[in-house]
Amino acid sequence: MKGIFPVDKFQGMRTPFYYYDTKVLRDTLDCLRAEAGRYDNFSVHYAIKANANPKVLTIIRESGLGADCVSGGEIRAAVQAGFPASKIVFAGVGKADWEINLGLDCGIFCFNVESVPELEVINSLAEAKGKVAGVAFRINPDVGAHTHANITTGLAENKFGINMADMDRVIDLAGEMSHVRFMGLHFHIGSQILDMGDFVALCNRVNELLDKLEARGVRVMHVNVGGGLGIDYAHPNRQPVPAFKEYFETFATHLKLRSYQTLHFELGRSVVGQCGSLISRVLYVKQGANKQFAILDAGMTDLIRPALYQAYHKMENITSEDAIETYDVVGPICESSDVFGKAVDLNCVKRGDLIAIRSAGAYGEIMASRYNCRELPQGYTSDELAGL
Ligand code: LLP
């Protein structure tokens, strides 16, 4: 065991693979449940897009969260893991007919609708089945988030949601349709947000919209503020459980909820991010002109975040206590962007050493690809490696 890792167990395993520490996951879920549970009318959904590993999903479902899905495949994954349909919400800017039909057949709680044409299709598919679909409108609040440009979603320039200016019109339209039922409003401003001020800005905008709707006599039963709470990538051990207290307090303080309203959240990264690590083996240590490279058997096909978003993930040599040296840590893929980190300090690396790439539980395994005809990485939980 070095740190939190059962290194002896890892030695005989085929790399690369994802390792999920179930204690960290359960501690995170316990804290999340306790903090959200302080408020009667808060309901938390897990954003399946962050990690759909069935073993991880089962643990999350056991904790009582609902599920936020963005595709038919995710609805299937949620149902298979035992999430009740009554706790499934379905978002996404481009829902195909079969996906809408699947949601209707399962009897999901609510469709988060992103355009008028989508509303019309949901209404007619529901009519064909003799059902009434619950719908919430995803409103683009035009609120920026201090995060990477690729993962901010709440600005008017983004493809997501319905313009605020069109909100009244779509709600009226839904009222005229016989097979949809207006349930509420949905927002999501971005991901990996650590500045609570961004959520305060969202609350202020939501308050404005709710006041406006109330003045028109529209009853909004459900408000969904999406996900987005960030994690501490620099210190996965120091702060494994994210700042759920501050997060929920921010909404409780700044959002003027009516007594009949339920507030929904869709958290992904903050639930699973810190429990997962990508474990890989060093294939070669190569001397470059002015640096040395540690070449891993994991690549951007296994964890694309550094290549796609220049994301930082802490790395550790979990099989060495030798003096620190500095490396560019790279993968084997034929792309110059296949780099996990430049000038990374690691205990002296040799062929066969195991490197843990930390905080990889969210948007890691699920974003893996088969580029270069590589095998997809497997995911193992600490419970199963311990034989539990
Ligand atoms: N709800 C909606 C409507 C979303 O679009 C997202 C994430 C979430 C909830 C969950 O957000 P979270 O709590 O995980 O921040 N692949 C990127 C992140 C993309 C996030 C997409 N939407 C990454 O690796 O950083």
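Which residue with a positive phi follows α5? Gly 107 does, and its phi is near 75°.

This is a predicted model: local features need pLDDT of at least 70, side-chain atom pairs count only at pLDDT 80 or more, and totals for chains, interfaces and linings use all residues. Residues are numbered from 1 along each chain as its sequence is written, and side-chain values use heavy atoms, with hydrogens and water left out.

**Overall build**

The protein has twelve helices and 17 strands. These are DSSP runs, numbered from the N terminus: helices are H or I with at least four residues, strands are E with at least two. The radius of gyration is 22 Å, close to the 21 Å that the globule rule gives for 388 residues, so the protein is as compact as a globular protein of that length. That radius is taken over C-alpha atoms, and the rule is 2.2 Å times the number of residues to the power 0.38. Along the principal axes, the C-alpha atoms fill a box of roughly 70 × 40 × 40 Å.

Of the 388 residues, 56% count as buried. Buried means under 20% relative accessible area, exposed means over 50%, and partly exposed lies in between (1.4 Å probe, protein chains only). The accessible surface comes to about 16000 Å², with 51% of it belonging to carbon and sulfur atoms. Areas come from the Shrake-Rupley method with a 1.4 Å probe; for residues, only the protein chains shown count as cover.

Contact means heavy atoms within 4.5 Å. Among contacts between residues at least 6 apart in sequence, 72% join residues at least 24 apart.

**Two domains**

Domain 1 covers 2-17 + 274-386, and domain 2 covers 22-273. The bounds come from an automatic or database domain assignment. The C-alpha centres of domain 1 and domain 2 lie 32 Å apart. Their contact takes 26 residues from domain 1 and 26 residues from domain 2.

**Helix α5 and its surroundings**

Helix α5 spans residues 97-106, and its buried residues are Glu 99, Ile 100, Leu 102, Gly 103 and Leu 104. Those buried residues pack against two helices and three strands, namely α4 (72-80), α6 (116-128), β4 (88-90), β5 (110-113) and β6 (133-140).

**Phe 265**

Phe 265 sits in strand β10 (residues 262-267). Is Phe 265 buried or exposed? Its relative accessibility is 0%, so Phe 265 counts as buried. Leaving aside neighbours within four places in sequence, its contacts include Phe 42, Val 44, His 45, Asn 224, Tyr 247, Phe 248 and Phe 251. Leu 210 is 55 residues from Phe 265 in sequence, and the two are 17 Å apart, C-alpha to C-alpha.

**Backbone exceptions**

Most residues other than glycine have a negative phi, and most peptide bonds are trans. Two non-glycine residues with positive phi are tabulated here.

| Residue | Phi | Location | Relative accessibility |
|---|---|---|---|
| Ala 343 | about 50° | strand β15 (residues 339-347) | 53%, exposed |
| Cys 373 | about 55° | loop between β16 (354-357) and β17 (378-381) | 66%, exposed |

Where does the cis peptide bond fall? A cis bond joins Thr 15 and Pro 16, with omega about -5°. Pro 16 lies in the loop between α1 (7-11) and β1 (17-20).
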